[in-house]
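Here is a quick tour of one protein model, going from the overall fold down to a few side chains. Have the viewer open while you read.

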Amino acid sequence: TMGIVIGIICAFIIIVQFIIGNVANGFIALVNIIDWVKRRKISLVDQIITALAISRIDMLCSTFLIILITSLYPDLNTAVNMVKISNNIWIVANHFSIWLATSLSIFYFLKIANFSNYVFLCLRWRLSKVVSVTLLLSLVLLLMNILIMNMHIDTWSDGFKRNVSFGFRSKNCTLFFKLALLINTTFTCDPFTVSMVAFLLLIFSLWRHLKNMQYHAKGSRDPSTAVHIKALQMVVVFVLFYTFFFLSLAIQLWTSESLEKNNLFYVTLIITFPSVHSCMLILRNSKLRQASLLVLWWLLCRSKDIQTLVP
């Protein structure tokens with residue numbers, strides 16, 4: 001009974017996060033694309049945020065579709081082609097979602113941090129190329145992730161076919177799930193490490209800047225400090241959700257509950273990151289925040305007009 005209740009709660013949370021995440025990411029992409037069409041140009045940060053929003057819509061939809069299909073047709077869970085297709089779709093969607101978010105943290109670090117190091121200055125001058133090269137190099141990791149995952153699926157399928165006993169199949173499915181999580185967690189380590197390094201260096205840059213301000217007897221609320229703090233707020237929110245997402249992957253490796261419950265709980269956790277973080281992006285970005293307020297105001301006026309028309 002408790003398992004059924006937990007399953008229903010997780011399913012409800014997944015549906016709510018799916019709706020919120022798609023609305024938030026769709027709103028981000030729409031606002032930036034409309035602004036791009038009007039101005040006929042788009043900044044680098046808006047390019048990253050727009051691509052991130054689109055990749056997260058893809059991730060949310062693919063995850064929801066995979067869960068829906070496997071829930072309605074559980075026999076497809078053991079079909080090798082279905083397992084490969086669903087895993088590859090999720091790996092690609094998750095990869096771009098994570099690496100574009102990591103590129104955003106790199107952008108804030110290089111744009112805001114203040115170091116006199118020659119390497120740092122070269123990277124800052126070539127900020128657009130740094131982001132492009134980071135995303136291109138990440139494609140190598142994506143290819144490796146897909147290849148290793150498909151090899152793991154083939155190995156699992158061979159063992160599945162050789163032994164038809166229920167006990168072996170149950171144990172084999174659990175082992176497959178845990179090894180799949182281990183593979184995905186391993187490939188998540190690289191962007192997570194890059195984001196953490198950018199976050200720590202940004203904190204160090206702010207500390208040095210505040211120290212220099214005190215040395216020169218200036219106020220701590222100068223424009224550079226304000227920019228540092230604003231960037232830190234953006235990166236802190238990202239790192240917190242990213243850490244939650246990364247730890248949720250790691251924790252799943254040590255759980256001993258049933259495969260079905262683990263799977264549903266796992267989906268609930270991974271959807272939290274692309275859904276809630278996108279809402280935070282809207283709140284912290286002035287253009288997106290103003291656009292959202294205009295939409296809310298229009299909806300409020302629209303509802304009042306409808307109420308006046310109804311007798």
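Let's settle one term up front: a residue counts as buried under 20% relative accessible area, as exposed over 50%, and as partly exposed in between. Keep in mind, too, that this is a predicted model.

With that cut-off, Phe-12 is easy to place: its relative accessibility is 57%, so it counts as exposed. Phe-12 sits in helix α1, which covers residues 2-39. It also has nonpolar company on the surface, since Val-5, Ile-9, Phe-12, Ile-13, Val-16 and Ile-20 make up a patch of about 490 Å².

Zooming out, the protein is built from nine helices and zero strands, and the pattern along the sequence reads α-α-α-α-α-α-α-α-α. Of its 311 residues, 43% are buried. The accessible surface comes to about 17800 Å², and carbon and sulfur atoms own 71% of that. As for contacts with a separation of 6 or more, 79% are between residues 24 or more positions apart.

Here is how the residues picked out in this report score on accessibility:

| Residue | Relative accessible area | Class |
|---|---|---|
| Phe-12 | 57% | exposed |
| Trp-156 | 5% | buried |
| Thr-272 | 13% | buried |
| Cys-122 | 16% | buried |
| Cys-279 | 23% | partly exposed |

Now for the tryptophan. Trp-156 belongs to helix α5, residues 127-162, and it counts as buried because its relative accessibility is 5%. Its C-alpha atom is 6.5 Å from that of Phe-176, and the two residues are 20 apart along the chain.

Which residues does Thr-272 touch, leaving aside those up to four places away in sequence? They are Gln-17, Phe-244 and His-277. With Gln-17 there is also a polar contact between the side chains, at 2.8 Å. Thr-272 itself is part of helix α8, residues 259-284, and it is buried, given a relative accessible area of 13%.

Finally, the cysteines. A disulfide is a covalent bond between the sulfur atoms of two cysteines. How many disulfides does the model have? The count is zero. Cys-122 is buried at 16% relative accessible area, whereas Cys-279, at 23%, is partly exposed.

Key:
Residues numbered from 1 in each chain as written. Predicted model: local features only at pLDDT ≥ 70, side-chain atom pairs only at ≥ 80, totals over all residues. Heavy atoms only, no water. Patch = residues over 30% accessible without salt bridge, like charges linked within 9 Å, V, L, I, M, F, W, Y side chains within 5 Å. Areas by Shrake-Rupley, 256 points an atom, 1.4 Å probe, with all protein chains shown as cover. Salt bridge = Lys/Arg side-chain N within 4 Å of Asp/Glu carboxyl O. Helix = DSSP H or I, 4+ residues; strand = E, 2+ residues; numbered from the N terminus. Buried < 20%, exposed > 50% of the residue type's maximum accessible area, 1.4 Å probe, protein only. Polar contact = N/O pair within 3.5 Å; in protein donor to acceptor, adjacent residues only side chain to side chain. Contact = heavy atoms within 4.5 Å. Disulfide = S-S within 2.5 Å.
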